[in-house]
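Grab a pencil and have the viewer open. Below are a few exercises, each with a solution worked step by step.

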Amino acid sequence: MPVTLVKERYTGKVSEVVLGANSEQGGTRTSVITVGGDCTLPFLHFEGKIKNRAVIAMEVNDINPSWNEVTKAGFSGVLDNPAAWAQKCVNEFRADLIYLKFIGADPEGENRSLDDCVRIAKEVLAAVGVPLIICGCDDPEKDNEIIAAVAEACAGENLLLGSAEQDNYKSIVAAAMVHKHNIIARSPLDINICKQLNILINEMGLPLNRIVIDPMIGGLGFGIEYAYSIMERVRLGSLSNDKMLSMPMICTVGYEANRPKEANALTAEFPGWGELEDRVVLWEALTASALLQAGASILLMRNPAAVKLIKTHIADLIAAN
Amino acid sequence: MPRSTVKFLPDNLTIEVENGTSLLQAAFMAGINIVSSCGGKGTCGACAVAVSAGRPGITCRGNLTSEQIAQGMYLSCQTLVAEDLTIEIPPESRLREHQILTVDRGAALEKTDVDRIGTPELQTDGSEEECLKENEEDLLLKYGQHPLATKVRVRLTEPTLTDNTGDWARLSMELRKILQSGDKPINIPLSVLQTLPKSLRNANWDVSVTLSDLDTAYTVIKVEDGNNCPAYGLAIDIGTTTVIVCLVDLSTGYIVDKQGTFNQQAKYGDDVISRIVYAAESPENTQNIQQLIIDTVNGLIDTILKKQNNIEVATAVVAGNTTMAQLFLGVDPRYIRLEPYIPAMNDIPSVAAREIGLHLLPEGLVHIFPSVASYIGGDIVSGTLVTNMANKEDIVLFIDIGTNGEIVLGNKDWLVSCASSAGPCFEGGGITFGMRAMPGAIERIMIDQATLEVNCKVIDNISPGGICGSGLVDCLAELLNAGIIDRAGNFQLDHPVVSERLKAMPDNKVFVLAWAHQTEGNKDIVITENDVKNIIRAKGAIYAGIRSLLKAVDVEIDMISRIVIAGGFGNYLSINDSVKIGLLPDLSQEKYHYIGNSSVKGARLALLSQNAWHEALELSRKMTYIELSVGTTFMDEFVSAMFLPHTDFLLFPSVKK
């Protein structure tokens, strides 16, 4: 019996954001990435166009991170060298972008200097050809300084800078405007604050197609359903032509999925949970695949094995067209 | 307990109290009212006083700043008398009395200022009496004047050995004729009967009889020597913060006198919740807080009666919120506060004045407006009556902005209501320099965008002491306009215009509205970032309440043909600015109407017209109450309204970005 599919007609679409710049565009990237542009809910190919596939940015830190040994094992030998680490992510694990996070800049921690941060950012840029996402250490004042310095030093590279928040958005937005980069607008699982922040940023003069939404997420088993529903609302907002919600979304999958006990407890402690080696990978991969269905455009990931699974998964979802 | 004396300056009043009494209590006993917003819990810091001699016992310094402590300031509610003391009370800690605006101040506004709300009567000319009359006379005509009490002159024939009918039968027979009462019984209470024989004979059988007049029966409340004075009634509005009493001539319908003051219960907290908590602690407390409101009302009645040559009052109609009504009658209020928020009664039995000690004729009846729910009280029923919305086809939105934002929506076929807890900020509460709309309050603000210089208009053009609700609305709109705050209410310290007015203090960001040398208290009057966020919350709550109500009945905003605003702060409200900050829906100015203190107006209407009173009783039963705390609609609406004007710009098309 033939079935007629019911199709929804949407008035809006997710706006497109371009990351990175090649030599013609004033940068040094060998690949430039466009995200967003979807005209329908995730992967409903029969209903509308999925223009750009979701991409994976692999996380690189400026210091040897406090990740569990299983995850770190994939990067042995490069964890103390951000440039080499980034190179490995791109060459070996086929990362679409590099997500460089300056954990070491934290005033409570190693308190890395601005010059150092700039130097590392430049080294990573030189080591890989993919676009970069740059984030600070989540200390608002220090982040403002780092982002301003890196934005200036890397002018022309069309970076994605993070993160602007409702209480602290002005300096990072100003840096992105002056040096022509893009920014991540982060809101705490709240659609209203998400939209309000976009309005505030836009009112400063940054075009809407230079903003990426970080809705903040929970990992698998730790509130992922909240993230799912907020992201779904953002996507429905963009499809109903709400310009202040129509940005592509970025999700901190690696960070959230690797936080819980389930992704860290040794096999010996909970034999019933199975091997940690598998668990770590699956926890991150499942978190990522659920958020893809919610509308994520950029996934920030850590574990190479999880990245591999999700790359295949994305390819399958696109091929289903 | 040993006793000590406390001397209060600058009043130069001395009082002896038991040691251990709080300074707040001592001041109250001395007849000085100190502001106590938190109800004496030591959290608001409003009751600060200076101790200039003697050592007091301190229990806590609350949120006094280190600067204040260094100046020898103490929280009067947390500081106990331990020995003889001399206390200095600064003007800002004093509850200013007798400054309640009983007059609709719209009359005082510039007539050219079209931006303001004002009833046309107010702007054309004249005294408040006229405004009130014009406003309500139509309604009075519609309902028909038939007051809740009446007074008749009766000339009886003197009894003889052959005409030996008893006194009461003689009187009632004559009354029946005069009143044309038909089947309606005429009753006489024992207390009047007890002195009736003497009254009749003293008057030589020519008497004036005052009766209360209800559907069910007439009741004689006073028999006196024959005279032609009219019967008087009182329209009383008991607000959480202020109380207003109007003396009404029941034969003409005119308001003869009007008085207002603060509700003395305020010493147990600014809001109804603190008062319920206090009252529920013990039966003595319930009685005590009841006595305070009775005393407040009696004080006003006494003032009026003294001015009017000791006339007597036959009846009263009282409108107040549910909590006030219960406290007025001394009914245990505790369950109003507790889920599922159930009031003791909606319909309230009329009581004789002697039962609650009100200074009316002892047998005079006190009628209290029925309530709809715990947070939609008789004051709103009274206001709804005045809007006349329940008799028309058109959909009307009625908003009473007080400590709560009560909202009623509907027409002749249906009425829904809700209460949105906006907080006292539009009445000046919870704002660093907030004050009620009274002389000395900044009511209008303009900020020059190029220089950030401020231009204020102060009520009665005296030096400013603070800022009232309408000033706050203006202030927010102007701060946003000038780019001093962003749409989320964050202060922009990196403003391109360098101004001394905009600065960061140790614990807050502030903008100076008036410099110390220009003010009453010799202190800079500022608005802080916290104040701004408070106002955003309050306006968000009111707007979210409106949206929730509209959603509940699936009515679009442009289906509303009239928006009626009531409340003390509405007198000066700028519609433009209110829309700009997202307090009120973005509709054309012509749709907005202001009716001032609707609660007391409704009480007067009911006093003069039995039909109106019946309609009020009917209204309270007809109105559907929507509890906003159920479901997620209100919360969703509230969060999206916490932005200037709103997260959804489509709701505010006229506000230019």
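Which residue in E5(B) does B:Val49 stand opposite? Before solving, some ground rules: this is a predicted model, where local features need pLDDT of at least 70, side-chain atom pairs count only at pLDDT 80 or more, and totals for chains, interfaces and linings use all residues. Residues are numbered from 1 along each chain as its sequence is written, while chains are lettered from A and ligands numbered from 1 in the order in which they are written.

**Exercise 1. Place that pair of residues in its sheet.**

Step 1: B:Val49 stands opposite B:Tyr74 in E5(B). Strands (E, at least two residues) and helices (H or I, at least four) are DSSP runs, numbered from the N terminus.

Step 2: B:Val49 falls in strand E3 (residues 48-53) of chain B, which pairs with E5(B) in the antiparallel sense over 3 bridges. Two strands count as paired if DSSP finds at least two bridges between them.

Step 3: Zoom out, and chain B has an open sheet of 5 strands in the order E2-E1-E7-E3-E5, with mixed pairing. Strand E2 (13-18) and strand E5 (73-75) of chain B each have a single partner strand, so each edge strand has one side without a neighbour in the sheet. On average, neighbouring strands here are turned by 40° against each other, direction ignored.

**Exercise 2. Work out the strand order and register around E27(B).**

Step 1: Strand E18 (residues 395-401) and strand E27 (residues 560-566) of chain B run parallel, joined by 6 bridges. In this pairing, B:Ile399 stands opposite B:Ile565.

Step 2: E27(B) also runs parallel to strand E28 (residues 592-596) of chain B, with 4 bridges. Here B:Val564 stands opposite B:His593, and B:Ala566 has B:Gly596 as its bridge partner.

Step 3: Put together, the open sheet has 6 strands in the order E28-E27-E18-E19-E20-E29 (chain B), and the pairing is mixed. E28 and strand E29 (624-625) of chain B are the edge strands, each pairing on one side only.

Step 4: Now add helix H12 (residues 378-387) of chain B, which lies across E18, E19, E20, E27 and E28 and runs at about 140° to E18(B). Axes are lines fitted to C-alpha atoms, for helices over the stretch in contact, and angles run from 0 to 180 degrees between N-to-C directions.

**Exercise 3. Describe how H9(A) packs on H10(A).**

Step 1: Helix H9 (residues 276-294) and helix H10 (residues 304-319) of chain A pack at about 30°, with their axes 8 Å apart. They are therefore roughly parallel, a label for angles under 35 degrees.

Step 2: Among the residues that meet are A:Ala285 and A:Leu292 in H9(A), and A:Leu309 and A:Ile314 in H10(A). Contact means C-beta atoms, placed from the backbone, within 7 Å.

Step 3: Sorted by class, this contact has 9 nonpolar, 2 polar and 1 charged residues. Ala, Val, Leu, Ile, Met, Phe, Trp, Tyr, Cys and Pro are nonpolar, Asp, Glu, Lys and Arg charged, and the others, Gly among them, polar.

**Exercise 4. Characterise the contact of domain 3 with domain 4 in chain B.**

Step 1: Domain 3 covers 231-368 and domain 4 covers 378-424 + 535-651, bounds that come from an automatic or database domain assignment. Their C-alpha centres lie 24 Å apart.

Step 2: 24 residues of domain 3 of chain B are in contact with 17 residues of domain 4 of chain B. The domain 3 side has 12 nonpolar, 8 polar and 4 charged residues.

How values were computed:
Two residues are in contact if their C-beta atoms, placed from the backbone, lie within 7 Å. Angles under 35 degrees count as roughly parallel, over 145 as roughly antiparallel, 65 to 115 as roughly perpendicular and the rest as oblique.
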